[in-house]
Amino acid sequence: MSYFNKVLLLGTGPTVIQLAVNFKNYCNSKVAIAGRESLRSNIFFDTIVQQQLALKVFIQNTQHQSVAGKCTIDAFFKGYHKISGNWDTVVLCVTTDSYLSVLAQIDTKVLKQASCYILMSPTFGSSHLIANFLKNLTPQAEIISFSTYYGDTRWIDGIPSNEVLTTGVKKTVYVGSTYSKSHRLDKLSELFHHLGIHLKKLASPLEAETRNISLYVHPPLFMNDFSLKAIFDEDSITKYVYKLYPEGPITYTIIRHLLNYWKEMMEIVKHFDIQPLNLLKFMVDDNYPLQPASIDGQEIENFNKLESIHQEYLLYIRYASLLIDPFSIPNKEGRYFDFSAVPFRGIYKNLDGEWDIPRMPKEDYFRMKIIQGIAHALKLKSPTLDYFVQTYEEKLQQVVASSKHKIFSDAFQIKSFSQEIEMICKELILSKKTKEGEEEYIK
């Protein structure tokens with residue numbers, strides 16, 4: 001049996017074009033793209049029509065030649081409610097906080113016919129959210145979660161079109177399926193091998209969802225007074241996400257929050273029999289490497305066993321060591337590439353004329369609320385996580401209260417996400433009981 005014959009991509013961002021080219025050229029899939037109707041997506045769809053459904057992926061670095069290419073898609077749907085036809089695979093390339101609203105707009109006949117749902121950039125619990133949503137529609141459908149999208153893809157000149165530029169490709173991406181033996185994962189492994197990426201299979205989608213570095217570092221880096229001032233207040237002085245204070249938010253307090261939050265997350269994942277993550281090792285091995293002189297390898301390996309103050313010290317050293325790219329070639333003045341100079345994006349006016357919040361921290365707020373809900377359901381204390389949520393919500397309220405003449409998007413509203421939390425927790429409890437029952441049966 002062949003897989004990925006008919007692939008439906010949901011979303012209208014740069015990622016969709018990269019995926020379309022890869023599925024079309026490697027799997028010889030019939031490919032369609034669907035997105036919501038908006039001023040921004042209208043630009044995207046209009047360009048695709050003008051170019052007769054042709055898409056192109058360019059690369060910045062020659063070593064990523066395998067992800068480059070062009071293709072012609074087979075169909076597009078302007079509005080999720082307009083999707084028709086038989087699609088065996090549905091790929092969600094939309095933001096995690098919109099999964100439910102997007103799927104709810106699609107004809108149930110289309111959803112029932114799909115045998116596989118792929119989550120490209122999920123957050124912790126996303127696969128369980130989808131499983132609960134599909135329970136009464138197509139309970140046997142396979143759900144596959146990636147740890148993260150496998151590249152860094154952007155619009156050329158920042159304008160939606162039929163062409164994108166992929167500037168980076170990850171060496172390793174984690175993946176998990178609701179099927180213990182998945183032929184689709186085997187096929188995806190072949191595809192990723194072709195792209196020069198190691199696809200590491202984990203025991204479940206939930207475990208794959210824990211292997212995303214943003215899950216651990218974004219909340220402490222964004223949910224603090226310094227960062228929120230840089231994002232929400234109109235200030236002409238640029239601040240940077242990964243720099244030490246006062247150029248950026250990183251202080252010993254932020255590092256302590258990072259460590260404590262990681263420990264709270266590890267208490268949550270333990271409940272689902274997921275192997276605890278060595279935070280420092282994950283940072284160094286799977287994200288940005290360090291020069292061996294910066295931190296001894298043994299300290300990285302033994303990170304989980306060290307005293308908290310020692311762990312804080314090593315995390316601070318890690319960020320200090322990456323202020324510059326330690327593997328770049330210095331110029332004549334001895335200056336290395338300014339690796340940490342990633343500026344905070346401020347609030348902006350969207351195409352509907354509303355003040356809106358950048359994906360970071362808007363998506364991180366959704367992530368925080370979901371994890372907070374799971375922690376509460378498990379009756380686990382999460383003081384650091386609670387502090388992040390409270391700090392962010394207080395900032396939203398302050399901004400709206402002080403700017404009554406402005407029109408704000410719904411991103412400025414305090415949200416409970418209670419529906420999503422309830423759906424995820426139902427599935428988490430069910431899967432845990434199922435696993436415990438299977439283990440008891442084996443005994």
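How many helices and strands are there in the chain? This predicted model has 16 helices and 14 strands in its chain, and the legends below go from the whole chain to a single pair of residues.

**View 1. The whole chain and its overall dimensions.** Computed along its principal axes, the C-alpha trace of the chain spans about 60 × 55 × 50 Å. The radius of gyration of the chain is 22 Å, which agrees with the value near 22 Å that a compact globule of 443 residues would have.

**View 2. Burial, contacts and surface of the chain.** Of the 443 residues, 51% count as buried, while the chain exposes about 21400 Å², of which carbon and sulfur atoms supply 51%. Among the contacts with a separation of 6 or more, 73% are accounted for by residues that lie 24 or more positions apart in the chain.

**View 3. The open sheet of 8 strands.** The strands of this open sheet follow the order β5-β2-β1-β6-β7-β8-β11-β12, and their pairing is mixed. At the edges are β5, which covers residues 75-78, and β12, which covers residues 198-201, and each of these two strands pairs on one side only. On average, and with direction ignored, neighbouring strands of the sheet are turned by 20° against each other.

**View 4. The pairing of β2 with the edge strand β5.** Strand β2, made up of residues 30-35, pairs with β5 in the parallel sense, and the pairing extends over 4 bridges. Which residue of β5 is the bridge partner of Ala 34? The partner of Ala 34 in β5 is Phe 77.

Definitions and conventions
Residues numbered from 1 in each chain as written. Predicted model: local features only at pLDDT ≥ 70, side-chain atom pairs only at ≥ 80, totals over all residues. Heavy atoms only, no water. Pairing = 2+ DSSP bridges. Axes fitted to C-alpha atoms, helices over the stretch in contact; angles between N-to-C directions. Rg over C-alpha atoms; globule rule 2.2 N^0.38 Å. Buried < 20%, exposed > 50% of the residue type's maximum accessible area, 1.4 Å probe, protein only. Contact = heavy atoms within 4.5 Å. Areas by Shrake-Rupley, 256 points an atom, 1.4 Å probe, with all protein chains shown as cover.
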